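The exercises below are meant to be worked through with the sequence and the structure side by side. Please try each task before reading the solution that follows.

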Amino acid sequence: MKLFLIRHPKPDVKKGLCYGDMDVPLSPDWEEGANALMKSLLLDFSDALNVCYHSPLSRAAQLADHISNGHSQSVVALKELDFGDWEGLCWQDIPKQEIDAWMEDIVNGAPYNGESLQMVADRVWSWWLSIKDNPVDACVLVAHAGVIKVLVSLLCQWPLAQAHRIDVGFTSLTEFMVQRDYVTLKRLGAGDWVIA
């Protein structure tokens, strides 16, 4: 199966805002990149061999609905990391010692009273294992940077503590070929689907 991991478009938020599992609106021009992405995928989601799943947060749900013509399924496990007390704050306003404490154990730490990266990894991986053997040709996940970084790390068996180093831009596409337990990374966080 082809596995496509797509990050939601840029949201319309204040620069530097921490908005993990907070629902925020998309920028007004989000459909331009979405249309180019949809054309590049060339998938008919009315065909049962092509499936699309998305985070229930509107910034992912809107893109999924757009590219799948309404044939996408909402999955709670694909929500972004919950930053708890930090949600809605600007990163510059979060005490440096709290961020430093988090960075000391980025996998298990959650000084913000939300989810740890390991908690996100556990829920995303559990969901992936439940669907990975479904007989489909293409599987599209529309989610968030944290979810994609975690899933890429797990699929590639890379250290979860280094997941933050993976670059996943807005409306970017990461592609895998999955055959049972054999996984090939085809492209990572690519925007090369955009037609110039």
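**Exercise 1: Two helices and their angle**

Helix 4 and helix 5 are roughly perpendicular to each other. The model in which they are seen is a predicted one.

Task: Find the crossing angle of the axes of helix 4 and helix 5, and work out why the pair counts as roughly perpendicular.

Solution. Begin by locating the two elements, with helix 4 covering residues 117–131 and helix 5 covering residues 145–156. Their axes come within 9 Å and cross at roughly 70 degrees. Angles of 65 to 115 degrees count as roughly perpendicular, and helix 4 and helix 5 are therefore placed in that class. As for the hand, helix 4 passes helix 5 in a right-handed crossing. On the side of helix 4, the contact is made by Leu117, Val120, Ala121, Val124, Trp125 and Trp128, while helix 5 supplies Val147, Val150, Leu151, Leu154 and Leu155. Sorted by class, the residues of this contact are eleven nonpolar, no polar and no charged.

**Exercise 2: A second pair of helices**

Task: Describe how helix 1 crosses helix 2, and state which classes of residue make up their contact.

Solution. Helix 1 is formed by residues 30–41 and helix 2 by residues 58–68, and their axes come within 9 Å while crossing at roughly 45 degrees. This angle makes helix 1 oblique to helix 2. The crossing in which helix 1 passes helix 2 is right-handed. Helix 1 takes part in the contact through Trp30, Glu31, Ala34, Asn35, Leu37, Met38 and Leu41, and helix 2 through Gln62, Leu63, His66 and Ile67. Divided by class, the contact has seven nonpolar, three polar and one charged residues.

**Exercise 3: The chain as a whole**

Task: Set out the order of helices and strands along the protein chain, and then decide how compact the chain is for its length.

Solution. The protein chain has five helices and six strands, and along the sequence these follow one another as β-α-β-α-β-α-α-β-α-β-β. The radius of gyration is 16 Å, close to the 16 Å that the globule rule gives for 196 residues, so the protein chain is as compact as a globular protein of that length. Taken along the principal axes, the C-alpha atoms fill a box of roughly 50 × 40 × 30 Å. Of the 196 residues, 48% are buried. Finally, among contacts between residues at least 6 apart in sequence, 67% join residues at least 24 apart.

**Exercise 4: Positive phi angles outside glycine**

Task: For Asn113 and for Thr171, give the phi angle and decide whether the residue is buried or exposed.

Solution. Asn113, although not a glycine, has a positive phi of about 65 degrees. Asn113 lies in the loop between helix 3, residues 96–104, and helix 4, and its relative accessibility of 60% means that it counts as exposed. Thr171, likewise a residue other than glycine, has a positive phi near 55 degrees. Thr171 belongs to the loop between helix 5 and strand 5, residues 173–179, and at 9% relative accessibility it counts as buried.

**Exercise 5: Surroundings of three residues**

Task: Place Val107, His54 and Glu98 in their elements, and name residues that each one touches beyond four places in sequence.

Solution. Val107 is in the loop between helix 3 and helix 4, where it is buried with a relative accessible area of 13%. Beyond four places in sequence, Val107 touches Ser116, Leu117, Gln118, Leu160 and Ala161.

His54 is part of strand 2, residues 50–54, and is buried with a relative accessible area of 9%. Its contacts beyond four places in sequence include Ala60, Ala64, Ser72, Val75, Leu78 and Val142. From His54 to Ala163 there are 109 residues in sequence and 21 Å in space, C-alpha to C-alpha.

Glu98 sits in helix 3 and counts as partly exposed at 28% relative accessibility. Glu98 touches Trp86 and Pro111, when residues up to four places away in sequence are not counted. Glu98 and Asn69 are 29 residues apart in sequence, and their C-alpha atoms are 42 Å apart in space.

Notes. Residues numbered from 1 in each chain as written. Predicted model: local features only at pLDDT ≥ 70, side-chain atom pairs only at ≥ 80, totals over all residues. Heavy atoms only, no water. Axes fitted to C-alpha atoms, helices over the stretch in contact; angles between N-to-C directions. Parallel < 35°, antiparallel > 145°, perpendicular 65-115°, else oblique. Left-handed = near helix turned anticlockwise from the far one by under 90°. Contact = heavy atoms within 4.5 Å. Nonpolar A, V, L, I, M, F, W, Y, C, P; charged D, E, K, R; others polar. Rg over C-alpha atoms; globule rule 2.2 N^0.38 Å. Buried < 20%, exposed > 50% of the residue type's maximum accessible area, 1.4 Å probe, protein only.
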